[in-house]
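Here is a short report for a reader new to this structure. Keep the model in view while reading.

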Amino acid sequence: MTDDIVASVVRQWQAVSPGLDTGPMELIGRINRCAALLQQAEDAPLRAAGLTRAEFDLLGAMRRTDRELTPGELARETFSSGAAVTKRLRVLQEAGLIARRSDDRDRRVAHVGLTEAGRALVDRLLPEQLAYERSVLSGLDEETRSGLSGQLGELLVQLEGRLGGGRR
């Protein structure tokens, strides 16, 4: 067994309840702990640019789709709530990274797109962010990274199918 914090917790549970099946805790606990550590570490290139991961995700969604999106589409693309997207879009608009325009037929609908500054920022930051993420994972060899990615992909497909939250 790996000697990490989750292994310690599992040993404690097994000591007080020897018959307890801790298998789910071992997997989900490690996924949650990895996610928490990655969030704590934040994303150095994004932080240096004054962005949060969530804000960069919105900019990235607009860049990779290469079109204007509505706030609702952005919420679906980034798995965020509408309220959170609205708040983040306000920050990004104030920073001059996005522009909003009303729909020609329905003034209640907004379309959001990158400004030239927003596009340039994403194009500059994405390679830096990927290099940062590569360094975070550098302790794992390519075969391990690939296997883990595939296994987590399988888990994600199952969870999306069972718990919802899948894309369209």
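## The nonpolar core

The largest nonpolar core has 19 residues; Leu51, Leu59, Met62, Leu74, Leu89, Leu92 and Ile98 touch the most other members. The model is a predicted one. Four helices each give two or more residues to this core: H4, H5, H6 (82-94) and H7. H4 gives the most, with five residues. In soluble globular proteins, nonpolar side chains tend to be buried together.

Ile98 shows how one core member is surrounded. Leaving aside neighbours within four places in sequence, Ile98 is in contact with Leu59, Met62, Leu89 and Leu92. Its other contacts are Gln93, Val112, Gly113, Leu114 and Thr115.

## Helix H4

H4 has 13 residues, and at 1.5 Å a residue these should span 18 Å. The end C-alpha atoms of H4 are 18 Å apart, which agrees. Just after H4 comes Asp66, with a positive phi near 55°.

Which residues of H4 are buried? They are Glu55, Phe56, Leu58, Leu59, Gly60, Ala61 and Met62. The buried residues of H4 pack against three helices that have already appeared, H5, H6 and H7. They also pack against H3, strand E1 (98-102) and strand E2 (110-114).

## The largest pocket

The largest pocket holds about 1,800 Å³ of space. Its lining is made up of 43 residues. Nearest the centre of the pocket lie Ala35, Leu38, Arg53, Glu133 and Leu152. Six helices each give two or more residues to the lining: H2 (23-41), H3 (44-48), H4 (53-65), H5 (71-78), H7 (116-136) and H8 (142-163).

What kinds of residue line this pocket? The lining divides into 22 nonpolar, eight polar and 13 charged residues.

## Helix H2

H2 is one of the helices that line the largest pocket. How does its span compare with the expected one? At 1.5 Å a residue, the 19 residues of H2 should span 27 Å. Its end C-alpha atoms are 27 Å apart, so the two values agree. Just after H2, Glu42 takes a positive phi of about 55°.

## Asp123 in helix H7

Asp123 lies in helix H7. Is Asp123 buried or partly exposed? Asp123 is partly exposed, because its relative accessible area is 39%, and partly exposed covers values between the buried limit of under 20% and the exposed limit of over 50%.

Asp123 and Arg63 are 60 residues apart along the chain. Their C-alpha atoms are separated by 8.5 Å.

Conventions: Residues are numbered from 1 along each chain as its sequence is written. This is a predicted model: local features need pLDDT of at least 70, side-chain atom pairs count only at pLDDT 80 or more; totals for chains, interfaces and linings use all residues. Side-chain values use heavy atoms; hydrogens and water are left out. On a 1 Å grid over the protein atoms alone, a cavity is a set of points where a 1.4 Å probe fits but cannot get out, and a pocket is an open set with protein on both sides within 12 Å along at least five of seven lines; lining residues have an atom within 4 Å of a point. Grid points are joined across faces, edges and corners, and a volume is the space filled by probe spheres set on the points. Ala, Val, Leu, Ile, Met, Phe, Trp, Tyr, Cys and Pro count as nonpolar, Asp, Glu, Lys and Arg as charged, and the others, Gly among them, as polar. The expected span of a helix is 1.5 Å times one less than its number of residues. A nonpolar core is a set of buried Ala, Val, Leu, Ile, Met, Phe, Trp, Tyr and Cys residues joined through side-chain atoms within 4.5 Å. Buried means under 20% relative accessible area, exposed over 50%, partly exposed in between (1.4 Å probe, protein chains only). Contact means heavy atoms within 4.5 Å.
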